[in-house]
Amino acid sequence: RQQRFFSVGGFDSRNPQQYKYVMINGRNGKMEILPGKAGLPEEAKQIVLSTQHPKKVTKVALGRYHQQLVWEVTFVNKNKTYGYYLINFKNTKIIQEIDNL
């Protein structure tokens, strides 16, 4: 939340069987290529859907938290407050949850 990253995921054009994520540091332009699965953002979204039962998931984004790769999932609760989950990129364990903002 202190830095800005841009990310995209897709199949590698040189090796179409491999799915990769690319993170670009918004400050210095450094790129980091990460192997992964195509469905990881959906897995992170499903964790929030099954634990919080929100009205709407508004965003799933790849980011960093204390040098750890995370999925940042934001959502709107049924009572119209906002929530925010940080989920580990690799093992999809919940790192932090903020609710009713």
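These notes walk through the fold, one pocket, the salt bridges, a surface patch and the chain end of a predicted model.

1. **Overall layout.** The protein has one helix and seven strands. Starting at the N terminus, the order of elements is β-β-β-α-β-β-β-β. Along the principal axes, the C-alpha atoms fill a box of roughly 45 × 30 × 20 Å. The chain counts 101 residues, and 34% of them are buried.

2. **The second largest pocket.** Its volume is about 150 Å³. The lining consists of Gly10, Phe11, Asp12, Ser13, Arg14, Lys20, Tyr21, Val22 and Ile33. Strands β1 (5–11) and β2 (19–25) each supply at least two of these residues. Strand β2 gives the most, with three residues. By character, the lining splits into four nonpolar, two polar and three charged residues.

3. **A salt bridge in the pocket lining.** Asp12 and Lys20 both belong to that lining. They also form a salt bridge, with the closest N and O atoms 2.9 Å apart. Are the two partners buried or exposed? Asp12 has a relative accessible area of 18%, so it falls under the 20% cut-off and is buried. Lys20, at 25%, is partly exposed.

4. **A salt bridge between strands.** The count of salt bridges comes to three. In one of them, the side chains of Glu32 and Arg64 meet at 2.4 Å, N to O. Glu32 sits in strand β3 (residues 31–36) and Arg64 in strand β4 (residues 56–65), so this pair ties together parts that are 32 residues apart in sequence. Glu32 is partly exposed, at 29% relative accessibility.

5. **The pair Glu43 and Lys37.** These residues form a salt bridge as well, and their closest N and O atoms are 3.1 Å apart. Both ends are partly exposed: Glu43 has 30% relative accessibility, and Lys37 has a relative accessible area of 48%.

6. **A nonpolar patch on the surface.** Which residues make the nonpolar surface patch? Phe6, Ile24 and Met31 do, and the patch covers about 300 Å². Ile24 belongs to strand β2. Why can Ile24 count towards the patch? Its relative accessible area is 31%, and patch residues need over 30%, so Ile24 passes that cut-off. Ile24 is partly exposed.

7. **The segment after β7.** Leu101 lies in the segment that follows β7 (94–98). Leu101 is exposed, with a relative accessible area of 62%. Its C-alpha atom is separated by 9.7 Å from that of Asn77, a residue 24 positions away along the chain.

Methods
Residues are numbered from 1 along each chain as its sequence is written. This is a predicted model: local features need pLDDT of at least 70, side-chain atom pairs count only at pLDDT 80 or more; totals for chains, interfaces and linings use all residues. Side-chain values use heavy atoms; hydrogens and water are left out. On a 1 Å grid over the protein atoms alone, a cavity is a set of points where a 1.4 Å probe fits but cannot get out, and a pocket is an open set with protein on both sides within 12 Å along at least five of seven lines; lining residues have an atom within 4 Å of a point. Grid points are joined across faces, edges and corners, and a volume is the space filled by probe spheres set on the points. Helices (H or I, at least four residues) and strands (E, at least two) are DSSP runs, numbered from the N terminus. Ala, Val, Leu, Ile, Met, Phe, Trp, Tyr, Cys and Pro count as nonpolar, Asp, Glu, Lys and Arg as charged, and the others, Gly among them, as polar. Patches are made of residues with over 30% relative accessible area and no salt bridge: like charges are joined within 9 Å, nonpolar side chains (Val, Leu, Ile, Met, Phe, Trp, Tyr) within 5 Å. Accessible areas come from the Shrake-Rupley method with a 1.4 Å probe; for residues, only the protein chains shown count as cover. A salt bridge is a side-chain nitrogen of Lys or Arg within 4 Å of a carboxyl oxygen of Asp or Glu. Buried means under 20% relative accessible area, exposed over 50%, partly exposed in between (1.4 Å probe, protein chains only).
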